Amino acid sequence: MTNILILGAGYAGLRAAKVLAQKKLDAAITLVDRNRYHYETTSLPEVAAGTRRAQSILLPLPENLPAQVNFIQATVIKIDRTNKQVELADGQPLTYDYLVVALGLESENYDIPGAAENALPIVDVKSALAVKKQLETNFQNYQTSQDPDDLRVIVCGAWFSSFEFMGALVNRLPRLAEHYRVPLDKIEIQCIEAKDMILPMFDDDLTNYVKKWLADHNVILRTGMPIKEVQANKVITADQTYTASTLVWTTGVRGSHVIGDSDFEARRNRVMVSDQLSLDDDPNVFLLGDVAAVRQPGKPYPFPATGQIAFQMADAAATNIAADLNGEPRQDFVFNDLGTVLALGSKDGVAKVFGDHKLRGYAAAAMKRVIDDRSLLKQAGVKAMVKYGRLPL
Ligand SMILES: Cc1cc2nc3c(=O)[nH]c(=O)nc-3n(C[C@H](O)[C@H](O)[C@H](O)COP(=O)(O)OP(=O)(O)OC[C@H]3O[C@@H](n4cnc5c(N)ncnc54)[C@H](O)[C@@H]3O)c2cc1C
């Protein structure tokens, strides 16, 4: 029996396990994750802002896995391709015939001094909850400290998730101010970004919509200001020092450090894979999602790492593993771009979907919800949707 080992139960790993199970192969499928749940990474900004309960973006494992998939809760330390085994933090190493690496993302701090120590990232459930707690603690402290910094939030980096976090936070501010009895007009959110340009996936029209929305909601966006250093409650740029008690770090992500700690040729812990999503020199090892870089036809750089591409890569990799086991030829991966949606809270946003069709306002926010629900539906099925209150029944 062929031994298929999948590392990571995020969008890519969970989907790969599910599709492989449907193929009814003569294979043992094992899925490893450090958590006993799958989480929807794309909803983490709302959890961090406190507009969504963490519980609502979790899918418990292994109860939501197909019966053919064996689940192991463990932290992966290193991948040893020479001996075809995977080292875990606790327990015996796991061996494989086929390996699917889908260990996802980590915060990228570009070696900026003090960033890792003094600013909070939003990369998993624990870190999102830490941001929420920090915000609430500082707002509560304001009641006694009357320190304006306790009501200031600095978002470092104007990455996709920075806007989603600020959008959700703007939605929550009135309730937050009321709850902690702090003056709403003294709360200050600002975002500091190194580049002049923001949101390169959208055209000027949609980008200007986002900028105007932020300005209308008193969010200050400072672009073209590389951050030199972060200290406790301080963000230092070339010309200025900005202070706030809540510092959030969303400048971008890189792949899992496990890639860097193992024998892979990688850039920012992303490994260039073949068109069939495996390694050229080790075709039984597939890398999916944020640990992989996939050639983008006609472009000098790979596809950006998104939930959508992670999901589609999983379908393609599972199909190629099944093809190998059935003695059929593998297929090249073809990305079907369904578009990009950026939510600014629950009632606003921008989107580019179905080619160049643009959405603004409520339609975009609603589209985001549809995509999240569709992803959960595909990962977990209708029963789970009903159980987790995601169907309007
Ligand atoms: C805050 C935020 C918002 C985003 N918003 C969007 C969006 O709106 N739209 C979009 O398309 N993309 C968005 N992205 C990007 C998208 O979430 C990622 O591209 C996608 O999650 C990648 O899927 P993945 O399966 O590779 O990794 P992940 O979904 O990150 O899953 C990785 C899995 O591996 C597990 N794991 C990690 N390390 C270990 C280890 N050492 N041992 C065991 N298990 C481990 C984790 O627990 C996790 O279950 C966002 C990303 C972030 C951080």
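Domain bounds here come from an automatic or database domain assignment, and on that basis the chain is divided into domain 1 (2–34 + 74–107 + 254–329) and domain 2 (109–251 + 337–393). The C-alpha centres of domain 1 and domain 2 lie 30 Å apart.

Before going further, a word on what we are looking at. This is a predicted model, in which local features need pLDDT of at least 70 and side-chain atom pairs count only at pLDDT 80 or more, while totals for chains, interfaces and linings use all residues. Residues are numbered from 1 along each chain as its sequence is written, and side-chain values use heavy atoms, with hydrogens and water left out.

Let me start with the ligand. A residue counts as near the ligand if one of its heavy atoms lies within 4 Å of it, and of the 33 residues around the ligand, Ala12, Asp33, Val76, Asp290 and Lys368 come nearest. Both domain 1 and domain 2 contribute at least three residues each to this shell. As for secondary structure, where helices (H or I, at least four residues) and strands (E, at least two) are DSSP runs numbered from the N terminus, helix H1 (11–22), helix H5 (160–180) and H8 each supply at least two residues of the shell. By class, the shell has 16 nonpolar, twelve polar and five charged residues, with Ala, Val, Leu, Ile, Met, Phe, Trp, Tyr, Cys and Pro counted as nonpolar, Asp, Glu, Lys and Arg as charged, and the others, Gly among them, as polar.

Which residues make polar contacts to the ligand, then, a polar contact being a pair of N or O atoms within 3.5 Å? Among them, Asp33 places a polar side-chain atom 2.6 Å from an oxygen atom of the ligand, Asp290 does so at 2.7 Å, and a polar backbone atom of Thr306 is 3.4 Å from a ligand oxygen. Taken alone the ligand exposes 1000 Å², and the protein buries 94% of that, by the Shrake-Rupley method with a 1.4 Å probe.

Turning to the aromatic rings, those of Phe, Tyr and Trp (its six-membered ring) pair if their centres lie within 6.5 Å, with planes under 30 degrees apart counted as stacked, over 60 as edge-to-face and the rest as tilted. By this rule the count comes to two aromatic pairs. One of them joins Phe303 and Phe335 edge-to-face, at 5.1 Å centre to centre and 70° between the planes. Phe303 lies in the loop between strand E24 (292–293) and helix H8 (307–325), and Phe335 in the loop between H8 and strand E25 (339–343), so the pair ties together parts that are 32 residues apart in sequence. Phe303 is buried, with a relative accessible area of 12%, where buried means under 20%, exposed over 50% and partly exposed in between (1.4 Å probe, protein chains only).

Finally, some backbone details. Most residues other than glycine have a negative phi, and most peptide bonds are trans. Arg181, however, has a positive phi of about 50° although it is not a glycine; Arg181 lies in the loop between H5 and strand E13 (188–192) and is exposed, at 67% relative accessible area. Leu199 also has a positive phi, near 45°, but Leu199 is buried, at 2%. The peptide bond from Leu61 to Pro62 is cis, with omega near 5°, and Pro62 is found in the loop between strand E4 (58–60) and strand E5 (69–73).

Methods:
Polar contact = N/O pair within 3.5 Å; in protein donor to acceptor, adjacent residues only side chain to side chain.
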